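Please open the model in your viewer and keep the selection panel at hand. The tour below moves from stop to stop, saying at each one what to select and what is found there.

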Amino acid sequence: MAQLFTPAAATLFRVAIVLACLGILSGAALAYVWARSGSTWNVGKPAPQPVPFRHDLHSGSLGIDCRYCHSTVEHGADAGMPSAQTCMTCHSQVWVGASVLEPIRSSFLLGQPIEWASVHRLPDYAYFNHAVHVTKGVACETCHGRVDRMPKTVKTQTMSMGWCLDCHRDPVPQLRPQDAVFTMGYEPHGKNLPDDLREFYREASRRLTSCNTCHR
Amino acid sequence: MSSEAIAITTPVAEVPLSRRFGRVWWFALVVSGALVLLLGYTLVSVTILGVGIWGVNIPFVWGFDLINYAWWIGIANGASLFAAILVLRRHDLRTAVNRFAEGVAFFAVICAGIFPIFHLGRPWLFYWTFPYPATYEVWPQFRSTLTWDFWAISTHAIVTSLLWYVGLIPDLATLRDRARRKSVQRIYGVFALGWRGSVRHWAYHQRAYRLVAILVLPLILIMQSTVAFEFAVTLVPDWHETRQPLHFVATGLAQGLSIVLLVAVLLRSGLRLGRYIDEEDIDLLGKLVLTSAIVSGYLFLDEVIAALLAERMAQEAMLNRMTGDYAGLYWTAIVYSVLIPQLLWFKAARNSTIAGVFVGLSIGVGIWFDRFSIIVGGLQTDHLPSISRTYQPTLAETGLFLGTIGLFAALLLLFVRFLPVVSMFETRHDEHLEKSS
Amino acid sequence: MRKGAHFDLEAMKARLANEDGPRLWRSLEELADLPEVRRYVEAEFPDIVQAATIDRRTLLRLMSASLALGGLAACDGGSAGKNAPLLSQSHTMPGHVPGVPLTVATSLPLNGFGRGVLVKVQEGRPIKIEGNPLHPASLGATDVFAQAEILSLYDPDRSDAPLQNGVERTWQELTGFIRPVRNELVVAEGKGLHILMPPTSSPTLLRLVAQARQLFPLARWHSFSPIDDDNRRAAGMTVFGHDVDLVYDLAQADTIVTLGGDLFAEEPGHLRYAADYQARRRMQDLALPRAFAVESRPSLFGARADDRIPLRPRDFAAFAQALAGALETGSVAPSDHPSLSRIADALRKAGPRALVVAGREQSAAVHALAYAINMRLGAFGSTIRAIEPVRPSEGDVGTLADLADAIAAGQVSHLVVLGGNPVYTAPADIDLAALIHRVPLSLHLGQHRDETASACHWHIPESHPLESWGDLRAFDGAVGLRQPVTLPLKPGLSAEEFLGLLAGQALDGRGLVQATWREAWGEGFEARWARSLEDGVMENSAALSLDVAMRDDWRPEPAAPVASGGIDVIFAPDPSVWDGTFANNGWLQELPKPLTKQAWGNAALIAPETAAIFGLSTGDTVDLSVEGRVLRVPVWIMPGHAPGTVTLTLGYGRQRAGRIGNDIGFDAYAIRPSQHSWIAVGKIRAAGERVALVSTQQHHSMQGRDIVRVVAPGQSPPPEKEHPSLYPDWPYEGHAWGMAIDLDACIGCNACVIACQAENNIAIVGPEEVAKGREMHWLRVDRYYGGDPASPDTYFQPVPCMHCEKAPCEVVCPVNATVHSSEGINDMVYNRCVGTRTCSNNCPYKVRRFNFLDYQGTDFTASSDLMNPQVTVRDRGVMEKCTYCIQRIGTARADARIEDRPLRDGEVVTACQQACPTKAIAFGDVNDRDSAVSRLKQDPRNYALLGALNTRPRTTYLARIEQPREDG
């Protein structure tokens, strides 16, 4: 009786099977890469802000200390956002009439808070404490990058849980002496540390990787 | 292929190939289809609202979900184990029952697979039990029986489907050749994987078929044991028993056989396949079911003895299952899965369709009550009296259960409609042997 | 109200500048009530004000923001969504670190008495109440009512606008209406004006009352509280010829005999009494005190007493007389109660170190006899002292009955109901609602639009005690100031402010209170005021003891002929809702009552033998008739209850409590007679219906397992034998947290349960879910009975997560959602949990709780504003359980690390531990051998619950001590 399939059919079938397998594998590989790519974590993506604030001018060119604006970074979980009053200390003198500073002036006058878009927001169930990190030699730069070179504030790290764990498993290489915590472009990490600190972290990694360190 | 060989299997092949099919079949399909819709509804609602719509609570965190899961797994295992043994032993019975035994196993696995996923508080995250390199760098807990279960059930699904499909290939080819319409030919053709019945094909096929069958044997033990471990490893007094795996495997076998018997007698009378599923086949099947029922009986006895030998809490727990709020379940289980099957001592019973259906069902029901008694009755006795409560299944749970039965029936009906329910090539093979002898 | 002064934002900011802590709140509260501030805000943010009609908090937040305090109210960690903005405040707040809560000391009223508390205020939102260690009525502990007050503060059903005959009015309309009326009354010298208010201890209120009396000399004042001490005071008058309050010192008492009542739950000093009693039990050098509880209804004190004697209420007078007689003559008549001689001997042995206390519900005769016995034993001055009444009734104060008569006689033209809810709480024979309708003008000040509000012409929202200024005296007279801890969540007046306005003062709560104390202190006001505010209690303000002598003409009145037949009916305050005040509080409604473990409702408690006589089982209804009024109630079989007696708890069956409290249980006031308001005689008849009662514990016996261990003094339970384990031991370099619970100290008061709920954002699930067995309490108090059901031993056992060393839950979780921390805590990671619930299966203590449904989105769900931002709010389908207050450990650890010092012992205090009045719970580092918890764990009484399972729990128990009965 007449052939149901062309002679090529068998070959076609085999090829299809092979392709399907390859497809599955490459799909998995793709997912793996995508999940880790910066863009997935909004790295380098600026957010629309009420005021075109430039870290590169304030922190970079003018060399204002991080703590001048983020005043509670050494005392509390929150680094703290500068109040309009803080801005006005200078901007009542410089750029007095600038229209871009209108939100700050009205906030100062009417007393409403300014709403900045957060670019580093962690999920609700992750509890992060700035003070502990900063006072233990984790520099601003380590997580926030060279803000002194940022015209627009952006993420430089994925801030995925894996990224946190990398450091919590072995903090020492990421640490700096206390006096270098607020400096930008400090090199090299993990050097000139007091020995007791190294000792401490040799034992602390189990505690630092316990779930309750960040999740409550 | 000799002309009479073709003639032999024509009626079997005619079933899937015939254009029209009985009203009864349509009616059955509609009914089971409706139940499938119910299944969908219950699954959607539980996913949206949460397992709170079931009767579960603390301490009864598991109810119908695990009961039905264990039950379906039992059927699947019993059936596939049975089929695999037949294949390996080249037993005459295989010609008659292999195909749908395999089918029953496969469909039961599908039904079972629904529960472990949808009984989760957050079902959409079930894949977290699968080890993959996530960016949060947390891995599954390999000491957990639930993780083992994930592997067990997926393996089980793959192997049973393979066993079924591999067995089907030559017959799909036959259907391809007998089909009248091009379209039908093509469909069967694709799945026949270009089977031409050459000697090499046959040789490969036999090897593959037996290989898969061999795979089934350890798998069954593993699967059932895993389910049993989920209970045995806990500190719940009544569950904390090393005998659990044995209990689940053996009673599961009885359950699988009973469903095979049920389906066999139904097909036999329903599709007039008396020639292929003959008196002897049914008789033999009946004897097997009887034996397995006696084995279950032994295990129920063993359960009591084990409890007597165990520490006080376990004794109290067992006593509570036999006399407490849920005593009804326990005794029903014994009556249905051990006592009623004793009917099969009589040849008349073994040969009558009614009896076959009745016994088949009763064991299925009996084992279901046994699982109910173990899971709910067992959970009632705990170490601190203060937390003892009761469990009442809700409509949502019952609906889910009926839904899976509907799904099972629907799959079986479609199988009967579109595929040869009796292994044609095996039949030919047998008849051939008879001729030559 | 007040003249609309011109609004000057700068001036206001100036006022706020360089203020912080409590004083800041004061000023804020002050400003918040300025109408012009509201006007300003409304003008400033019109769009939001529309929304604010639905959610007024937004408005208040904006207001606080506009007062340079936005930071305190705006960004909140816990409930903030993913894209919550970063907020820059308009002005810098010196010393304020975002996320770090303030603690404000204040006082909370219960029945007119004050309990000192500390309120934790997170970003402007009060989120937790703790006891004030400096306050004599608290000593750092709290009761369930104090803990739950924070939820009442956020109660969405609190009244937020004046009502005229049920129609909402603006404050302007109200003042517009009131002012002329007041002026007329001033002219008429208050003729026809009647004022009804609950008894109060507040010096400021009393001062304002006095002022108002001068302004309205012809006005009549009435005092009413459903939980009254009339019998006790009447006895004081007859025995001493002087109205006194009594303060007990249980630390001094060798023998304590209570005649009814509940020293640990219903006395104004109950927290202190429980603490003192336990402190005494802990004194190693002194023998254990011997406590006898002669009572009709089981009480917390009775549960803890060495000897409980169930007695029918009608037999108390005779019993007390016999006891007095036995102490006089030293002989006991054979006809007397069998245990009488035992008690008499113990009392005689203790002499002046004995104490006899009669419960509030007892007749004046019984109280008088109790006084006489104490007097004879010389207990006055040692275990008991008399002080001037803490809630004095200045001048002639009428009763509710007097008011009813006056209205009936048509003498009342103006009625002012100043707080309370008398229409609901009035005795059955006074139909106050109907009477009020006959008054030409009636006005009600109250927090809710309750039964009384709907009966009166005008209703004025009363501000919550945490929103307003005031002062309260504790049970011993010590004064605590009451200061607002938040901006008003709803606009309202305090009773002080209202009386102030009536007396022609400015609307200035703070000013009124300050005026009182300026008067009292004279010079040096500012310093003392500031200190008192900070401490929450004024130093040495406790009342001085009076030396009272018995009137020599006093003779015990001859025992009235004991009524025969009928059943005794006791009315009692409810352990969950008190007199009904807390009916709309979900935490308290869902709280299992200490002894019955009943939640969401009340029941008529009867003894097993009584039940047998009428063939009743728990849940059967009976028709209970008292003085011709019939009430259908479900019964609850209560082991240890006196036979032939029914106990009805008050406060349920409310119709206008709010969305939570309406139509729960039955209203015992409906048959409460004004003549016998505590103990009446009634008839009972089975009604044949059944009611499903909600309870969290079905089995009450330990079934012979050693769950709660009991030892004789000095003894210790058999030591655990070490079981081997296949799992390797965990290394602990740093801390290893552990808990020890002293079952000898636990009085089952439930404070820990509510404290845990408040601290850990635990959901309210509602009656249906509780009935299904899905309550979410992380910490439960199991209650077991042992011995003779007629008078059983009652055992309490708080059960939190045991944080097992070999935790069964950890090995069965497929996704590693519950794991062992490096400090031995059994972590529960909500965001990893998929909800297989197998961990609960494997937990022999069943302390894990599961979110079967979305419990954060129900009618019962509490406002997200009181959520603790340090604790994740759990989603549906997630398992949760006690974490040892991991957030408190984390915060303490972080502080220590920042200050670069080790954690000190006692620095981490769990919520349950902090609330406990008897310090039954100890928590700390078990690696540190000298820590408080380690020392307890070294005590021979220490044992592990279900130790045989070898779970090696971190939470262990100390066996309860019971001294053998001295049968004499």
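Begin in chain B by selecting helix 9 (residues 279-309) and helix 11 (residues 327-339), whose axes come within 9 Å and cross at roughly 155°. Axes here are lines fitted to C-alpha atoms, for helices over the stretch in contact, and angles run from 0 to 180 degrees between N-to-C directions; helices (H or I, at least four residues) and strands (E, at least two) are DSSP runs, numbered from the N terminus. Helix 9 of chain B and helix 11 of chain B are therefore roughly antiparallel to each other, on a scale where angles under 35 degrees count as roughly parallel, over 145 as roughly antiparallel, 65 to 115 as roughly perpendicular and the rest as oblique.

Before going further, note that this is a predicted model, in which local features need pLDDT of at least 70 and side-chain atom pairs count only at pLDDT 80 or more, while totals for chains, interfaces and linings use all residues. Residues are numbered from 1 along each chain as its sequence is written, chains are lettered from A and ligands numbered from 1 in the order in which they are written, and side-chain values use heavy atoms, with hydrogens and water left out.

Staying with the same pair, display the side chains where helix 9 of chain B meets helix 11 of chain B: the contact (heavy atoms within 4.5 Å) involves Ala293(B), Ser296(B), Gly297(B), Phe300(B), Glu303(B) and Val304(B) from helix 9, and Tyr330(B), Ala333(B), Ile334(B), Ser337(B) and Val338(B) from helix 11. By class, this contact of helix 9 with helix 11 of chain B has seven nonpolar, three polar and one charged residues, where Ala, Val, Leu, Ile, Met, Phe, Trp, Tyr, Cys and Pro count as nonpolar, Asp, Glu, Lys and Arg as charged, and the others, Gly among them, as polar.

Next, select helix 4 (residues 93-118) and helix 8 (residues 244-270) of chain B, whose axes come within 10 Å and cross at roughly 125°. Helix 4 and helix 8 of chain B are therefore oblique to each other. On helix 4 of chain B the contact is made by Val97(B), Phe100(B), Ala101(B) and Val104(B), and on helix 8 of chain B by Ile259(B), Val260(B), Val263(B), Ala264(B) and Leu267(B). The residues of this contact between helix 4 and helix 8 of chain B are nine nonpolar, no polar and no charged.

One more stop in chain B is Pro59(B), which lies in the loop between helix 2 (23-49) and helix 3 (64-89) of chain B. The peptide bond leading from Ile58(B) to Pro59(B) is cis, with omega near 10°.

Now show chain A together with chain B, where 15 residues of chain A are in contact with 14 residues of chain B. The area buried between chain A and chain B is about 1100 Å², of which carbon and sulfur atoms give 64%; buried area is the accessible area (1.4 Å probe) that two parts lose on being put together, summed over both. In chain A, the residues to highlight are Leu4(A), Phe5(A) and Arg36(A), which lose the most area to chain B, together 44% of what that side buries.

Move on to chain C and select strands 2, 3 and 4, which form an open sheet in the order 2-3-4 with antiparallel pairing; two strands pair if DSSP finds at least two bridges between them. Strand 2 (102-110) and strand 4 (125-131) of chain C stand at the edges, each with a single partner strand, so one side of each is left without a neighbour in the sheet. The twist averages 40° from one strand to the next. Six bridges join strand 3 (residues 113-122) of chain C to strand 4 of chain C, and Lys120(C) stands opposite Lys128(C) in strand 4 of chain C. Helix 6 (residues 144-153) of chain C packs on this sheet, touching strand 2, strand 3 and strand 4 of chain C, and the direction of helix 6 makes about 170° with that of strand 4 of chain C.

For the last stop, select the open sheet of four strands in chain C that has the order 12-11-10-13 and parallel pairing. Its edge strands are strand 12 (307-310) and strand 13 (354-358) of chain C, each of which pairs on one side only. Four bridges join strand 11 (residues 290-295) of chain C to strand 12 of chain C, and Val294(C) stands opposite Ile309(C) in strand 12 of chain C.
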